[in-house]
Amino acid sequence: MSDESHQSIRTEAIESLLMERGLLKDGVVDSVIERFNERVGPMNGARVVARAWTDGEFKRALLNDGTAAIEPFKLEGGQVEKLVVVENTPAVHNVVVCTLCSCYPWALLGLPPKWYKSPEYRSRVVREPRKVLGDFGVTLDDDVTVKVWDSSAEIRYLVLPEQPAGSKGLDEEALAGLVTRDSMIGVARLT
Amino acid sequence: MTETFGLSPALAPPMANGELLFEAPWQARVFGMARALSEQGLYTWDEFREALIAAIARWESSHRDTGEYAYYDCFVEALETLLVRRGALESDAVSVRHGEIEARPHGHDHHHEH
């Protein structure tokens, strides 16, 4: 028997036991999955980034206290009890990791991509961030400082990417469409 | 970093995240269960996180050089550990049920027969 079908049966076994014991009601698991598939994702972080690009006061508030600044967005998904937003500039490039597991600001970015959870990324980005960024296609000049932020139970990070040259004057919605998930993790730059 | 899942576009779930959130239905189920139970207060997400970290550390020490990283296998293990610790399941309950499901006649897919 393959591992896949082993895990599939094991999951079914757990779910059937929880249903029988009244710990899970019909439809609850489906609604969680639907929420994460449809409403919780990087489009929410992109809205926050676009607002920061167009509203200097919001940007200052966001960098000062991310948790409070995103409160008005009423985002679902959780995992941002304390949000720290780190700003990329021509001199500083930020990149986010969770070295122990897969902590990630769900409300802003949805669930993490597969590579973010991989042992390779989690260990390498701390040891050799420039090389890892290079693998993602981000080459940084030697005089750019790279900062690696390790997520924890307490703190989740969001990278505020640099606004692409040539996008000045676009409205917030159009700007949000330019922001990628990877740019908010710090493994991509927007051009 | 692009991955192919062998699904035609018509079969692929929404990809707002830029990739499939789950590569198999059971991965979505175990995530959904783990999250739903924490939202219901059976445990906090931090407690689940602790169990997940322990499961990942065990996986990494026993599979150091073998095979592809099985993140959601660790998720199943973490959930099971926490449910037993909380007294929601006896330690052998999942294995017993696992055996019962495997023993079902082929093609039987009714999940809640009891």
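1. Let me start with Ala93(B). Is this residue buried or exposed? In this predicted model, Ala93(B) comes out as partly exposed, because 17 other C-beta atoms lie within 10 Å of its own, and a residue needs 20 or more to count as buried, 12 or fewer to count as exposed. Ala93(B) sits in helix α4 of chain B. Going back 13 residues in sequence gets you to Glu80(B), and the C-alpha atoms of the two are 9.8 Å apart.

2. Zooming out to the rest of chain B: there are four helices and zero strands, so to speak an α-α-α-α run from the N terminus on. Of its 114 residues, 31% are buried. If you take the contacts in chain B between residues at least 6 apart in sequence, 45% of them join residues at least 24 apart.

3. Chain A has another make-up, with 11 helices and four strands. Its 191 residues are 41% buried. For contacts in chain A between residues at least 6 apart in sequence, 72% join residues at least 24 apart. The C-alpha atoms take up a box of roughly 55 × 35 × 25 Å along the principal axes.

4. On domains, the assignment splits chain A into domain 1 (3–37) and domain 2 (41–185). Their C-alpha centres are 31 Å apart. Keep that split in mind for the core, under point 6.

5. Now the contact between the chains. It draws 44 residues from chain B and 39 residues from chain A. On the chain B side, the elements that give two or more residues are α1 (25–39), α2 (45–62), α3 (71–85) and α4 (93–102). Which of them gives the largest share? That is α1(B), with nine residues. By residue class, the chain B side breaks down into 26 nonpolar, seven polar and 11 charged.

6. The largest nonpolar core is worth a look on screen. It has 75 residues, and those with the most contacts inside it are Val49(A), Val30(B), Met33(B), Leu52(B), Phe75(B), Ala78(B) and Leu79(B). Helix α3(B) supplies the largest share, nine residues. Where does this core lie with respect to the two domains of chain A? Both domain 1 (3–37) and domain 2 (41–185) give residues to the core, so it lies between them.

7. Val30(B), one of the residues with the most contacts inside that core, is a handy place to centre the view. Leaving aside residues up to four places away in sequence, Val30(B) touches Tyr72(B), Phe75(B), Val76(B) and Leu79(B), plus Thr11(A) from the other chain.

8. Next, helix α2 of chain A, residues 28–38. Its buried residues are Val29(A), Val32(A), Ile33(A), Phe36(A) and Asn37(A). Why do they line one face of the helix? Seen down the axis of α2(A), the buried residues fall within an arc of 130°, so they share a face. The spacing makes sense in general terms: an α-helix has 3.6 residues a turn, so residues three or four places apart point the same way. What do the buried residues of α2(A) pack against? Their partner is α1 of chain B. Ser31(A) and Glu38(A), on the other side of α2(A), are exposed.

9. A little more on Glu38(A), which belongs to that same helix α2 of chain A. Glu38(A) has 11 other C-beta atoms within 10 Å and is therefore exposed, the limit for that being 12 or fewer. Glu173(A) is 135 residues away along the chain, and the C-alpha atoms of Glu38(A) and Glu173(A) are separated by 19 Å.

10. Last, the strands of chain A. How many of the five residues of β4 (residues 156–160) are buried? The count is five of five, which makes β4(A) mostly covered. Arg156(A), Leu158(A) and Leu160(A) point one way from β4(A), while Tyr157(A) and Val159(A) point the other way, and all are buried. Note that Arg156(A) is among these buried residues. Strand β1 (residues 83–87) pairs with β4(A) in the parallel sense, over five bridges. Within that pair, Leu83(A) stands opposite Arg156(A).

Technical notes: Residues numbered from 1 in each chain as written. Chains lettered and ligands numbered in written order. Predicted model: local features only at pLDDT ≥ 70, side-chain atom pairs only at ≥ 80, totals over all residues. Domains from an automatic or database assignment. Contact = placed C-beta atoms within 7 Å. Nonpolar A, V, L, I, M, F, W, Y, C, P; charged D, E, K, R; others polar. Core = buried A, V, L, I, M, F, W, Y, C linked by C-beta atoms within 7 Å. Arc of directions from axis to C-beta. Pairing = 2+ DSSP bridges.
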